[in-house]
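Work through the exercises below with the sequence and the structure in view. Try each task before reading its solution.

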Amino acid sequence: MPIKSYLAHAFTGKKEELLGALQKINQCEVVPAKNEDVIVLVTDTSNEIEEETLKERIEAIDSLKILSLVSGFNPPQN
C-alpha cells in the first residue's frame, strides 16, 4: 500500500478551487497551509498502479500549478 505525500501549489487565486477538488478524492488527505498558497496532500492507495492513476487524476486538475513529491513509503506486502 503506497503512501505518498506531496506539496500542491495552486495558480494565483486558485487555492480554494484546488483545495475543493482535492478534498473530493477519497484516497487523499488534504491539509492547507495557513500562511502560504500551498496544500499538503497525502495519498494512500492499494498498489503502485492505483497510485499512478491517482497522480494522473490529480495532475489533471486545472487549478494545480505544481505537484511536488515530498516522501513515498511502500511497506512490504505479507
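**Exercise 1. A salt bridge between two elements**

Is E48 buried, partly exposed or exposed? The model used here and in the other exercises is a predicted one. Then find the salt-bridge partner of E48 and state which elements the pair joins.

Solution.

Step 1. The relative accessible area of E48 is 39%. Buried means under 20% and exposed means over 50%, so E48 is partly exposed.

Step 2. The partner is K4, with the closest N and O atoms 3.5 Å apart.

Step 3. K4 belongs to strand β1 (residues 3-10) and E48 to helix α2 (residues 48-59), so this salt bridge ties together parts that are 44 residues apart in sequence.

Step 4. K4 has a relative accessibility of 17% and therefore counts as buried.

**Exercise 2. The other salt bridges**

How many salt bridges does the count give? Describe the ones not yet discussed.

Solution.

Step 1. Side chains of opposite charge can pair when their charged atoms come close. The cut-off is 4 Å between a side-chain nitrogen of Lys or Arg and a carboxyl oxygen of Asp or Glu. With this rule the count is three.

Step 2. K14 and E17 form a salt bridge through their side chains, at 3.5 Å from N to O. K14 is partly exposed at 35% relative accessible area, and E17 is partly exposed at 45%.

Step 3. K55 and E59 also form a salt bridge, again with 3.5 Å from N to O. These two residues are four residues apart in helix α2, so about one helical turn separates them. K55 is partly exposed at 26%, and E59 is partly exposed at 41%.

**Exercise 3. The buried side of a helix**

Which residues of helix α1 are buried, and how are they placed around the axis?

Solution.

Step 1. Helix α1 covers residues 15-23, and its buried residues are K15, L18, L19 and L22.

Step 2. Around the axis they span an arc of only 100 degrees, so they lie on the same side of α1.

**Exercise 4. Two buried residues**

Compile the surroundings of A8 and of S63, leaving out residues up to four places away in sequence.

Solution.

Step 1. A8 sits in strand β1. Its relative accessible area is 0%, so A8 is buried.

Step 2. The residues that A8 touches are L18, L22, D37, V38, I39, L64, I66 and L67. Among them, L18 and L22 are buried residues of helix α1.

Step 3. S63 is found in the loop between α2 and β4. At a relative accessible area of 2%, S63 is buried.

Step 4. S63 touches H9, A10, F11, K14, E17 and L18. K14 and E17 are the pair whose side chains meet in a salt bridge.

Step 5. The side chain of S63 also reaches the backbone nitrogen of L18, at 3.3 Å.

**Exercise 5. A nonpolar surface patch**

Which residues make the nonpolar surface patch, and where do V40 and V70 lie?

Solution.

Step 1. The patch is made by L7, V31, V40 and V70, and its area is about 280 Å².

Step 2. V70 is part of strand β4 (residues 64-73). With a relative accessible area of 54%, V70 is exposed.

Step 3. V40 is part of strand β3 (residues 38-44). At 32% relative accessibility, V40 counts as partly exposed. Patch residues need over 30%, and V40 has 32%.

Step 4. V40 and L7 are 33 residues apart in sequence, and their C-alpha atoms are 4.9 Å apart in space.

Step 5. Outside its neighbours within four places in sequence, V40 is in contact with Y6, L7, E29, V30 and V31. Of these, L7 and V31 belong to the patch.

**Exercise 6. A further residue of strand β3**

What are the accessibility and the contacts of D44?

Solution.

Step 1. D44 lies in strand β3 and is partly exposed, with a relative accessible area of 38%.

Step 2. Apart from neighbours within four places in sequence, D44 is in contact with M1, P2, I3 and Q27.

Step 3. D44 and C28 are 16 residues apart in sequence, with 6.7 Å between their C-alpha atoms.

Methods:
Residues are numbered from 1 along each chain as its sequence is written. This is a predicted model: local features need pLDDT of at least 70, side-chain atom pairs count only at pLDDT 80 or more; totals for chains, interfaces and linings use all residues. Side-chain values use heavy atoms; hydrogens and water are left out. Patches are made of residues with over 30% relative accessible area and no salt bridge: like charges are joined within 9 Å, nonpolar side chains (Val, Leu, Ile, Met, Phe, Trp, Tyr) within 5 Å. Accessible areas come from the Shrake-Rupley method with a 1.4 Å probe; for residues, only the protein chains shown count as cover. Buried means under 20% relative accessible area, exposed over 50%, partly exposed in between (1.4 Å probe, protein chains only). The arc is that of the directions from the helix axis to the C-beta atoms. A polar contact is a pair of N or O atoms within 3.5 Å; within protein, one must be able to donate a hydrogen and the other to accept it, and residues adjacent in sequence count only if both atoms are side-chain atoms. Contact means heavy atoms within 4.5 Å.
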